[in-house]
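Biologist: I am new to this structure and should like to learn how to read its features. Where should one begin?

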Amino acid sequence: MSTPELRSDFGAIEGAVDVAPDAPVRAGARRILLWDLPLRVFHWSLVASVTTAVVTGELGGAWMVWHGRAGLLIVGLLVFRLVWGVLGSATSRFTHFAPSPARVLAYLRGRWRGIGHNPLGALSVFALLGLLALQAATGLFGNDDIAFAGPLNHLVADTLGSRVTGWHRLLAWGLFALTGLHLLAIAFHILVKRHRLIRPMITGSQQVDVDTPLPRRLHGGGRFALLAAVSLAAAGVLALVWVGSAPSQPEPELKPASVVAPTW
């Protein structure tokens, strides 16, 4: 068996990739680069921005300015993840971990073998990304009539803006529930199954059995793909800022009808 080639295209997996050791490799295992650097930066940036949005939203008042800024950052991160899920390295791509009924059934029966997100974890990832997208979208058009108006609120009628704000608050509870389940699942895998989940998302590397099936040789995740993802994410945020800062058209001034003096 030939030694796999090591590539540095932001951690793109080209077969079994050996990386710099951060711990002794156990017998019958090998170390691979599981999560590329852009994906890790996205993950922890999303954690920080969502935490900021939740805290500032609960504080309210003057903190709502930062709530809005965190929301715009979330929008940019989601755009980046959407692009990186197509152009990124092997384990970053949606096609690699998209949960199918067959995969979920195999996992529940203990027959699933692979790297990256397991089928149930993949369901959680897609649910969180989808819910965050809805939450961010409703925030863009929302208005609490007190301290905050989304950057696109002036594009919708007041009644629709109030309705969207209600959806935004309701979706927040779903986000709390999904986040709680996500954290419980992580704790279960760490404490019960003894799986290391946190360190790979920091260092990028993980030990796997030598017979663990790896993704096929996939090109992508290079500098061009990263530049495209970052550019589209930045362009999306700048477009929202530009549309939000555009002055709304003033309502026409109603002039009193001229009074015609009677001719008698």
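Modeller: Helices and strands are DSSP runs, numbered from the N terminus. In this predicted model, the elements of the chain run β-α-α-α-α-α-α-α-β-α from the N terminus on.

Biologist: How many helices and strands are there in the chain?

Modeller: The chain has eight helices and two strands.

Biologist: How does one check the length of helix H8 against its number of residues?

Modeller: The expected span is 1.5 Å times one less than the number of residues. Helix H8 covers residues 223-245, 23 residues in total, so a span of 33 Å is expected; the end C-alpha atoms lie 32 Å apart, in agreement.

Biologist: Which residues of H8 are buried, and what covers them?

Modeller: Buried means under 20% relative accessible area. In H8 this applies to Ala-225, Leu-226, Ala-229, Ala-233 and Leu-240. Their cover includes H1, H2 and H5. Over the chain of 264 residues, 36% are buried.

Biologist: How is empty space found?

Modeller: A probe the size of a water molecule, rolled over the atoms, shows where empty space is left. Here the second largest pocket has a volume of about 640 Å³.

Biologist: Which residues lie nearest the centre of that second largest pocket, and which helix gives the most to its lining?

Modeller: Of the 29 lining residues, Ala-53, Gly-57, His-67, Gln-135 and His-168 lie nearest the centre. Helices H1, H2, H5 and H6 each supply at least two residues of the lining, and H6 gives the most, with seven. By character, the lining divides into 15 nonpolar, 11 polar and three charged residues.

Terms used
Residues numbered from 1 in each chain as written. Predicted model: local features only at pLDDT ≥ 70, side-chain atom pairs only at ≥ 80, totals over all residues. Heavy atoms only, no water. 1 Å grid on protein atoms, 1.4 Å probe; cavity = no way out; pocket = protein on both sides within 12 Å on 5 of 7 lines; lining within 4 Å. Points joined across faces, edges and corners; volume = space filled by probe spheres on them. Helix = DSSP H or I, 4+ residues; strand = E, 2+ residues; numbered from the N terminus. Nonpolar A, V, L, I, M, F, W, Y, C, P; charged D, E, K, R; others polar. Buried < 20%, exposed > 50% of the residue type's maximum accessible area, 1.4 Å probe, protein only. Contact = heavy atoms within 4.5 Å.
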